[in-house]
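Student: I've got a model open and I'd like to go through its rings and its surface. Can you take me through it?

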Amino acid sequence: MESAEQDVKVRLLLAAKKLFSRQGFDGTTIRQICEEANANVALISYHFGGKDNIFKAIFDYSFPRAMIRQAFEEPVDPVTGMRMMIREVIHYQERDPQLVRIIQHESVHSPARTEIIREYLFPIWEKARALLAEGRRQGVFRFRSLDSTFLYIWGGILFPRHFGLFEPVLSEPPATKEQRIEDVTSIVLGALKCEAEAGEKVKF
């Protein structure tokens with residue numbers, strides 16, 4: 001019985017995650033979630049206590065907190081740390097595009113759900129800022145404002161969104177995951193005026 005209940009709970013979580021990523025939280029009803037999960041409509045209240053709670057439960061179920069802790073538990077130099085962070089973020093974007101779309105959409109449209117998202121992203125943000133600050137202290141990164149640099153890197157590059165607005169001027173095929181990692185790493189370290197191992201600035 002317990003196993004069957006757990007199976008229904010997971011089905012509801014995955015159904016909600018799928019629909020929230022497509023339609024947004026506000027555009028999704030409890031009935032739609034239950035239809036997608038092939039579950040009785042009363043089970044949302046039974047397992048989660050309502051639609052608001054299932055939103056947080058999606059992050060509890062899907063967000064890779066353990067992976068983040070493991071990836072950065074050993075101290076690394078700022079350049080290596082930035083390279084690792086870029087790689088891990090892009091890998092995660094590829095692994096779980098549904099959760100990434102939920103983060104992108106809800107952080108713009110809902111202050112209440114933004115607070116939930118912050119709870120999960122804050123450790124990554126904190127690590128990114130620490131790497132930037134330490135890199136500047138060591139002289140391997142050069143920039144004016146820590147806040148502006150953090151916002152441009154994290155908001156503009158590490159969580160990109162593809163807008164149809166730019167289609168007329170795009171001529172290349174979509175980049176592969178490894179190409180994205182290479183491109184973003186080159187752009188970020190170049191913008192930080194990072195000194196390469198040989199003592200030269202990163203070249204494009």
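Student: Is Phe 20 buried or exposed, and what is its relative accessible area?
Tutor: This is a predicted model, where local features need pLDDT of at least 70, side-chain atom pairs count only at pLDDT 80 or more, and totals for chains, interfaces and linings use all residues. Residues are numbered from 1 along each chain as its sequence is written, and side-chain values use heavy atoms, with hydrogens and water left out. Buried means under 20% relative accessible area, exposed means over 50%, and partly exposed is in between (1.4 Å probe, protein chains only). Phe 20 therefore counts as buried, at 2%.

Student: How many aromatic pairs are there, and what kind do Phe 20 and Phe 25 make?
Tutor: Rings of Phe, Tyr and Trp (its six-membered ring) pair if their centres lie within 6.5 Å; planes under 30 degrees apart are stacked, over 60 edge-to-face, and the rest tilted. The structure has seven such pairs. For Phe 20 and Phe 25 the centres are 5.1 Å apart and the planes meet at 55 degrees, so the pair is tilted.

Student: Which cluster partners of Phe 20 pair up within helix α4?
Tutor: One aromatic cluster takes in Phe 20, Phe 25, Phe 55, Phe 59, Phe 63, Tyr 92 and Tyr 120. Helices here are DSSP runs (H or I, at least four residues; strands are E, at least two), numbered from the N terminus. Two cluster members sit in α4 (residues 51-62), four residues apart, about one turn of the helix. They form a tilted pair, 5.3 Å centre to centre with 50 degrees between the planes: Phe 55 and Phe 59.

Student: Which residue lies over the face of Phe 25?
Tutor: A charge sits over a ring if NZ of Lys or CZ of Arg is within 6 Å of the ring centre and within 35 degrees of the ring normal. Elsewhere, the charged end of Arg 129 does this over Phe 150, 5.8 Å from the ring centre. For Phe 25, the residue is at 4.3 Å from the ring centre: Lys 51.

Student: Which residue has a positive phi although it is not a glycine?
Tutor: Look in the loop between α2 (30-37) and α3 (43-48). The residue there is exposed, with a relative accessible area of 67%. Its phi is about 55 degrees, and the name is Asn 38.

Student: How exposed is Phe 166?
Tutor: Phe 166 lies in the loop between α9 (146-158) and α10 (177-191). Its relative accessible area puts Phe 166 in the partly exposed class, at 45%.
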